[in-house]
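Student: I'd like a close look at one part of this model rather than a tour of everything. Could you take me through it slowly?

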Amino acid sequence: MMLKIVLRHALRITLVLLALAALVALLGPWALYWYGLSNIRALPQAPTITLTSEQRAAVLREFRMHDVAEPFLKTPWHYYFILLDHERHGRNQTDEGHMNHEVLSYVVKTYNQHNLKDDHTGMWHISGAALGTWLNRNWTAEQILTQAYLDLEQNPVFLTCGTARYGMCPQDQWKGTKK
């Protein structure tokens, strides 16, 4: 009789713990999303300009892409993917989803540099993931590509040699004359 009572209590405790784990697994990502967005001073406004074919080609060349795909990221829990450091996956990867991630990641990093309330490492990643998710849901691929161009246009290295993501201009890519 005593063993039956103990087993019944153990079963109840196990079921409660499983229900709590399921609740955390389902609501945890949404809580992180909300928490990350709450750290951003203001959400970005979508660009209203349209890229010319030359500008579009410059952005696609910068990110080594043939074209952009909709949606930018394909997984339902894509903010976990944004948390991964894209440099670990290799820069020469040709998967369009990966390249789309690089464009989105570049836009997010550029925006977050000046718009976070708390820019410590943990909050940087959580807010970056949340903003990437928000942009992916609220902007089109063309708007994200346009914002990437506008961000690149502010980078003096991009204006000098046509490439900016690596922070320096390869010697053989300088625009203009060489000495």
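Student: Let's zoom in on L135: which residues does L135 touch, not counting residues up to four places away in sequence?

Tutor: Happy to. Keep in mind that this is a predicted model. Leaving out residues up to four places away in sequence, L135 touches P44, L104, V107, V108 and I144.

Let's set the scene around that residue. The chain comes to seven helices and zero strands, so to speak a plain α-α-α-α-α-α-α run from the N terminus on. L135 is one of the buried residues of helix 5, a list that also has M123, S127, G128, A129, A130, L131, G132, T133, W134 and N136. Helix 5 itself covers residues 121-138. Its 18 residues should span 26 Å at 1.5 Å a residue, and the end C-alpha atoms are 25 Å apart, which agrees.

Now for the company L135 keeps. The largest nonpolar core has 24 residues, and L135 is among those with the most contacts inside it, along with F63, V103 and W134. Helix 1, helix 2, helix 4 (96-115), helix 5 and helix 6 each supply at least two residues of this core. As a rule, nonpolar side chains in soluble globular proteins tend to be buried together.

Stay on helix 5 and step to G132, which sits in that helix too. G132 has a relative accessible area of 0%, so it counts as buried. Its C-alpha atom is 6.1 Å from that of V108, although the two residues are 24 apart along the chain. V108 should ring a bell, being one of the residues that L135 touches.

Across from there, have a look at N112, which belongs to helix 4. With a relative accessible area of 1%, N112 is buried as well, because the cut-off for that is under 20%. Setting aside neighbours within four places in sequence, N112 is in contact with I40, W124, S127, G128 and L131. Of those, S127, G128 and L131 appear among the buried residues of helix 5. N112 also has a C-alpha distance of 9.4 Å to R41, which lies 71 residues away along the chain.

Helix 2 and helix 6 bring in something polar. By the usual distance rule, the count comes to one salt bridge. It joins R56 and E142, with the closest N and O atoms 2.5 Å apart. R56 is in helix 2 (residues 53-62) and E142 in helix 6 (residues 141-153), so the pair links distant parts of the chain, 86 residues apart. E142 is partly exposed, at 34% relative accessibility. Elsewhere in helix 2, the buried residues are A58, V59, L60 and E62. Just after that helix, R64 takes a positive phi of about 55°.

For contrast, go to the surface. I13, V16, L17, L20, L23, L26 and L27 make a nonpolar patch of about 680 Å². V16, one of that set, lies in helix 1 (residues 2-38).

Finally, back out to the whole chain. Buried residues make up 36% of its 179 residues. The chain exposes about 11,300 Å², with carbon and sulfur atoms supplying 62% of that. Of the contacts with a separation of 6 or more, 70% come from residues 24 or more positions apart.

Notes
Residues numbered from 1 in each chain as written. Predicted model: local features only at pLDDT ≥ 70, side-chain atom pairs only at ≥ 80, totals over all residues. Heavy atoms only, no water. Patch = residues over 30% accessible without salt bridge, like charges linked within 9 Å, V, L, I, M, F, W, Y side chains within 5 Å. Areas by Shrake-Rupley, 256 points an atom, 1.4 Å probe, with all protein chains shown as cover. Salt bridge = Lys/Arg side-chain N within 4 Å of Asp/Glu carboxyl O. Helix = DSSP H or I, 4+ residues; strand = E, 2+ residues; numbered from the N terminus. Buried < 20%, exposed > 50% of the residue type's maximum accessible area, 1.4 Å probe, protein only. Core = buried A, V, L, I, M, F, W, Y, C linked by side-chain atoms within 4.5 Å. Contact = heavy atoms within 4.5 Å. Expected span 1.5 Å × (residues − 1).
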